[in-house]
Amino acid sequence: MEYNFREIEEKWQKDWKEKEIYKVTEDKTRPKYFVLDMFPYPSGAGLHVGHPLGYIASDIFARYKRMKGFNVLHPMGYDAFGLPAEQYAIQTGQHPAITTNNNINRYREQLDKIGFSFDWSRQVKTSDADYYKWTQWAFIKMFNHWYNDETEKAEPIEKLIAEFAAGGNSAVNAVCNADTPEFTATEWNSYNEEQQQVILLNYRLAYLADTLVNWCPELKTVLANDEVKDGFSVRGGFPVVQREMRQWSLRVSAYAKRLLYGMDDIDWPDSLKEMQRNWIGRSEGAQVFFKVKDSDVNIEVFTTRPDTIFGSTYMVLAPESDYVEQLINPKYKDEVDAYIEKSKLKTERERMADQKSTTGQFIGAYAINPFTKQEIPIWISDYVLAGYGTGAIMAVPAHDSRDYKFAQKYSLPIIQVVEGDLSNGSYDAKEGKMINSDFLNGLEVKEAVAKTIEAIENQKIGSHKINYRLRDAIFSRQRYWGEPFPVYFKGEIPYMLDESKLPLELPEIDKYQPTDDGRPPLGRALNWQTPEGEPYELSTMPGSAGSSAYYLRYMDPHNKEALVSKEANEYWRNVDLYIGGAEHATGHLIYSRFWNKFLFDLGHVIEKEPFKKLINQGMIQGRSNYVYRINGTNKFVSIGLKEQYKTTEMYVDVNIVHNDVLDVEAFKKWMPEYANAEFILDDGKYVCGYGVEKMSKSKFNVVNPDNIIEQYGADTLRLYEMFLGPIELSKPWDTSGIEGVHKFLRKYWRLHFDNENSLNIVDEEPTKVELKFLHIAIKKVEDDVKRFSFNTCVSAFMICVNELSALKCNKRQILEPLAQLLAPFAPHITEEIWSKLGHSSSIVTDKYPVFNEKFVKEDTVVYPVAFNGKRRFEISVPADADAKTAEELAINDSNAAKWLDGKQIVKIIVVPKRMVNIVIK
């Protein structure tokens, strides 16, 4: 019987679907295991072979845990809101929901073909109103809570209001906006509702405020930092500028400390943890106020090096700082305005990363160094960010590299205050003795830091402070295709819908572009208001909204009364294994942790962290192919001959190239302009060039998994993607290796059939050798699965099948456990074999094979025998023999006679299970 993978895979995929074999329910008699993939955005291009890499890895592990007796939750869904579908709607008029659903159907078809063990009964789509009802619900909860720094948790806004009414806000230890006014209880109680609501926005965890954002005029929406590159939108390549807009934000910064220290409790890659630590950016130092000359303004500065304050020779403000408008000298207004406009062309992330350029502008004002009493000039520069610290720095050019470059460029004073070498630039090390620093002179840096903070506090010009770089998350997008905010307005004041009114569904509109007067697309909706006539919010939520708590919804996807029931959450708790890309380190993975901690504070979830273990899968890169057209012709020359001509390198579709050899007839049919192409061949073939780079439609190097499955089958695809290399590393796609994996599966198939293709399985007792090869494989594969080293598992399978084939092994006691071992990797072929072996139940729900050490123990051990340290021959010694037995076997072996002839044995050294060395003279 031939291995007909198409028939087998179609048969079993249909069977699994009809029997709902992967459907799971809570079962307190079995331990749970929750395996999750970062769900995809369903793009119009569908999947390429790089996308399933993480899904295959998680599927193998889910199947393994299921066979080990765990109740496995392995769901899948779609991050269905997104800008591409909206842009397509703008271009074509087709509703984004239609585009999205078409794309989802395409994805589902492709995913099903690969044979994943997803429980599709739990599917979520973030664009479904039944789903985003709970996103809106969570937003309302955030609006109605504040963060109490005293208890370090979110608390109801009603408690804060009561504290204001009883004692004002001076004694309230809360996370709030920096410009929040101080007031007494009497003043609070005298405020009208609108005034009170404006103040409360300074405290709410979801709040409305004027915020600096990345604005794309062409797309007419705000973009997240990861949606912008080099000043242009990732989608479409349109210019992006910084603009201050009234936006919804989530007060993620309130959870900075918990997000930082919570990483001690999760099993994530160290590199990713370090990325999050850097993003959260804890720093300890001092808050200091610098008085501005001839002004009532005091500039607040946060510094981690208060010890260097005697070396501060100028100040720098962020271009967008509120201080700029207050302090600018009219003489410099034009230059300052021009610089501010230029700085708007960079995102904050780009400004942080830019270590090369040094630019700035003097604003015509001076501050007073509180310790030297010297006037120091105030500049603006884009290397200072408004959102970090206070948006103002005391510049110490002798001990900070960026300050040094700036001072060098603009001829500003450089005063050394810590002993060290300045001959090649600033001395940034946090060690050394203080100099030129009055009462600090002679102290070590660490002592000087403490002494300076003490002096700052004694002079009442500041205090010790811990600062975090983590910013609040801007949560508004000026587009249609996203979750509507459950918000209406009375005048300028936002109010939340009652939870009983959820979901607030997206309305129909005539066009998907902003209105003629610049309002977001929802401004086109008819009667977009409450029954009482109050207008709804016109912005929608960002892409991160639907993905921040989706893992919780998978636990209880059909619950109409709660995001997740207490019972379901107590059973599934959190995600045991999460697989996805490292590019989400400072976006989705921060936001999900924040949402989870907030819901933990409210008692809606019972675990502090959402994802216990995280694995970042690497990228499968494209292997591009190139052809070489002779300039000015439609003639193409093979790579080995191209140096003889002037040519232009061009991308060619990798699907018409096989092992770098171009199918010239297929090339002629590829595009009309190549129909009459001519070729200069090398040894009868057109050999293409190649390169390894990201898969992209523009490079024609996208490999569709459907094509691989059609040619080789899903099990081959699954095994090959794992065989390419370690899951964490990026690696190039190379179809030249896939044939070997397919041959392995055919070889595995033939173990079960005779030369007439009839099933040929015997119930005889296996030999020791057969058992040894099987159990070596079981041990190796299970150990490597636990380490997520799937590429070495595939190698182990190949070795085992080769050995069993050589032995012509067809014994049930060997081939049944081998099928169980291979099943997580190649579920279709093993299900078919399992069925042919006479089993009526699925291999999916069967048990994983158990390793037995006795089968891999050797009966004998080979000892090299040496004379005076030189190896001469080998002997076989019983594995349980003592040193004396090994010694006797060595000297009595027939090979020993010629080495002992006429010699005297001085001593015999036996290294157990290693060697025998006979010393002679």
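Which residue does the side chain of Gln 197 join in a polar contact? In this predicted model, the partner is Arg 204, and the polar contact between the two side chains spans 3.0 Å. Gln 197 itself belongs to helix H8, which covers residues 193–200. With a relative accessibility of 15%, Gln 197 counts as buried, because the cut-off for that class is under 20%. Once neighbours within four places in sequence are set aside, Gln 197 is in contact with Arg 204, and also with Ile 493 and Tyr 495.

A second residue worth a visit is Asn 467, found in strand E16, which runs over residues 462–468. Asn 467 has a relative accessible area of 8% and is therefore buried, given the cut-off of under 20%. Its surroundings can be listed by name: not counting residues up to four places away in sequence, Asn 467 touches Gly 281, Arg 282 and Ser 283, together with Phe 302, Tyr 388 and Gly 389.

Attention now turns to a sheet. Four strands make up an open sheet, and following the order E2-E1-E20-E21 leads from one edge to the other, with parallel pairing. The edge positions are taken by strand E2 (71–73) and strand E21 (611–616); each has a single partner strand, so one side of each is left without a neighbour in the sheet. On average, and with direction ignored, neighbouring strands of this sheet are turned by 20 degrees against each other. Helix H19, built from residues 588–601, packs on the sheet and touches both E20 and E21. The direction of H19 makes about 175 degrees with that of E21. Within the sheet, strand E20 (residues 575–580) pairs with E21 in the parallel sense, over five bridges. Tyr 578, for instance, has Leu 614 of E21 as its bridge partner.

Helix packing offers one more view of the model. Two packed helices are described by the angle between their axes and the distance between the axes. Helix H4 (residues 96–114) and helix H21 (residues 705–712) have axes that come within 10 Å and cross at roughly 35 degrees. The crossing of H4 and H21 is left-handed. On the H4 side, the contact is made by Arg 106, Gln 110, Lys 113 and Ile 114, while H21 contributes Pro 705, Asp 706 and Ile 709. Sorted by class, the residues in the contact of H4 with H21 are three nonpolar, one polar and three charged.

Conventions. Residues are numbered from 1 along each chain as its sequence is written. This is a predicted model: local features need pLDDT of at least 70, side-chain atom pairs count only at pLDDT 80 or more; totals for chains, interfaces and linings use all residues. Side-chain values use heavy atoms; hydrogens and water are left out. Helices (H or I, at least four residues) and strands (E, at least two) are DSSP runs, numbered from the N terminus. Buried means under 20% relative accessible area, exposed over 50%, partly exposed in between (1.4 Å probe, protein chains only). Contact means heavy atoms within 4.5 Å. A polar contact is a pair of N or O atoms within 3.5 Å; within protein, one must be able to donate a hydrogen and the other to accept it, and residues adjacent in sequence count only if both atoms are side-chain atoms. Axes are lines fitted to C-alpha atoms, for helices over the stretch in contact, and angles run from 0 to 180 degrees between N-to-C directions. A crossing is left-handed if the near helix is turned anticlockwise from the far one by less than a right angle, and right-handed if clockwise. Ala, Val, Leu, Ile, Met, Phe, Trp, Tyr, Cys and Pro count as nonpolar, Asp, Glu, Lys and Arg as charged, and the others, Gly among them, as polar. Two strands pair if DSSP finds at least two bridges between them.
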